[in-house]
Amino acid sequence: MKRIYFILSIFLFITLISQAQPRISFDKTTQNLGYVLWRNPATVVYNFTNTGDKPLVISNVTTSCGCTKAEWTPDPVPAGGKGSVTVVFDAEAIGHFFKEAGVYCNASSVPVYVDFEGEVTADPKNYSFTHPLGFGAIRLDNAEIEFEDVNKGEKPFIEFKVANTSSKAYAPTLMHLPSYLEVEADPAILGANKNGKIRVTLNSDKLPKFGITRTSVYLSRFSGDKVCSENEIPVSVVLLPDLSNVSDYEKKNPPRIGFSAEELNFPDLKPTQKKSQTIAIENKGRSDLVIQDMQVFGIALMVNLKKSILKPGEKTKMKVTVLAENLPRLKKEQRILMITNDPMQPKIDIYVKASIKK
C-alpha cells in the first residue's frame, strides 16, 4: 500500500511539474502608428505580463527587415511580473509599411509575433499628417493621456508631438495640472510652423488611491487662453493594487476571477438600436474576490455589475449594453477596465466591438 501511495505521489509531482509553465500575455500584439515623418525614427513598445506560474525568459527578438531594431527585458520575468519589447523603425522609406517582430521565449515552442503598420510621409510642414488633432493653430498627435499598469513608486512618462501652425511664437503649456503630474516642453518655445514634444511624467506616490484615477488637463492654445471643452485632454491612471500586505492565508488561498467572455461583439446594429449581452463572472479561488474599481471607456457603453464581492465559488452577472446612436462619435476602441484583488489578474480589460449595419 505504501508503495502505491509512493508511486501516486511521484505521478502527481510529475503532473504538477509538467503543468507549471510561463505564459506571455501582451497588452497589444498589433499597433497602427498612423503617419510617421520621414527620417524620424518611430518607437513601438509592447508591454507584456507573465500570466504563467514559472519565470519567463526572452532569448531573442527577430525583426522582418534591417530597418527595425529590437530590445527586450533581459532578466527573467517572475510569475505575475511585467516586461516589454521595444522596436525602433527608422522611417527611411516613403509610403505604407507593415513590420513584424518574432519574440522567442520559453513560454512557446514557436515565436510569438507582434506587428505594427503606418505610413511614412515626406512633408514636414503639413502637420495634419503627423499631428492629426487640431486645437486651433496648435496640433497634437494624441489627445489623451493614459498611464496603465503603474506600480506605487514608479514615475513613468508619456511623450506626444506638438506643432505650432500659427505665425507667432508659442509656449506649449498644460493647465490645471494635478499634483501627481509634471510637464516639460522641448523646446520651451516653438517658433512659427515649428514642432516639438511635450513630456508628461506621473509621480505615482502622489496619486490619491489605488485603482483608476481620472481627471482632465487643458492645452493652452495661446497666451491668456481659458479652460473649456475645446482644449480638454482626458487623463486616466491605473495604479495597480498593493498586494504586499496580504495575509499568509490569502497568499496560499488567493481569489481567482473567471469570465464567460472577455470580448463581446455587436455586429450589424440598427442606427438607433440598444442591445445588451451578459457576462458571467465567477470566483474560482479560495478567498473572497473583490472587484475594487471599474471604468468604462466608450460613450456607447452602459454597464451594470450586480455584485462586487464574491465568495469562493460564487457567481455574478455583468450586463453590457451598446447604444448604437453613439457609435459614430467613438474615437477609440471600447473597453471595460476592472481592478481586482486577484494577484494573477489585478487588471482586466474586456473589449467590446460594435458596428452599425450598412
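## A walk through the structure, starting at Leu174

Welcome! Select Leu174 and show what surrounds it. Setting aside sequence neighbours within four places, Leu174 is in contact with Ile145, Phe160, Val183, Ile198, Val200, Val217, Tyr218, Leu219 and Ile233. As you look, keep in mind that this is a predicted model.

**Next stop: the core around Leu174.** Which residues of the largest nonpolar core touch the most other members? They are Ile145, Phe147, Leu174 and Leu219, out of 25 residues in that core. Now colour the elements that give two or more residues to this core: strand 10 (138-140), strand 11 (145-150), strand 12 (157-164), strand 15 (194-202), strand 16 (211-220) and strand 17 (232-239). Strand 17 deserves a colour of its own, as it gives the most to this core, with 4 residues.

**Then: charges over rings.** Select Arg199 together with Phe157. Arg199 lies over the face of Phe157, 3.7 Å from the ring centre. For a second example, pick Lys152 and Phe210. Here the charged end of Lys152 sits over the Phe210 ring, at 5.7 Å from its centre.

**On to the aromatic pairs.** How many aromatic pairs does a search of the whole structure find? The search finds 4. To see one of them, select Phe89 and Phe97. The centres of these two rings are 4.4 Å apart and their planes meet at 40°; that angle lies between the 30 and 60 degree limits, so the pair is tilted. Are these two residues buried or exposed? Phe89 has a relative accessibility of 3%, so it counts as buried. Phe97 is buried too, with a relative accessible area of 5%. Buried here means under 20%. Now add Phe116 to the selection: ring pairs link Phe89, Phe97 and Phe116 into a cluster.

**Last stop: the whole protein.** Zoom out and switch to a cartoon view. You should find 3 helices and 26 strands. Along its principal axes, the C-alpha trace spans about 90 × 50 × 45 Å. Of the 358 residues in the protein, 38% are buried. Turn on a surface, and you are looking at about 20100 Å² of exposed area, with carbon and sulfur atoms supplying 51% of it.

To finish, think about how the chain meets itself. Among contacts with a separation of 6 or more, residues 24 or more positions apart account for 66%. For an example to click on, go back to Leu174 and its contact with Ile233.

Definitions and conventions. Residues are numbered from 1 along each chain as its sequence is written. This is a predicted model: local features need pLDDT of at least 70, side-chain atom pairs count only at pLDDT 80 or more; totals for chains, interfaces and linings use all residues. Side-chain values use heavy atoms; hydrogens and water are left out. A nonpolar core is a set of buried Ala, Val, Leu, Ile, Met, Phe, Trp, Tyr and Cys residues joined through side-chain atoms within 4.5 Å. Buried means under 20% relative accessible area, exposed over 50%, partly exposed in between (1.4 Å probe, protein chains only). Contact means heavy atoms within 4.5 Å. Rings of Phe, Tyr and Trp (its six-membered ring) pair if their centres lie within 6.5 Å; planes under 30 degrees apart count as stacked, over 60 as edge-to-face and the rest as tilted. A charge sits over a ring if NZ of Lys or CZ of Arg is within 6 Å of the ring centre and within 35 degrees of the ring normal. Accessible areas come from the Shrake-Rupley method with a 1.4 Å probe; for residues, only the protein chains shown count as cover.
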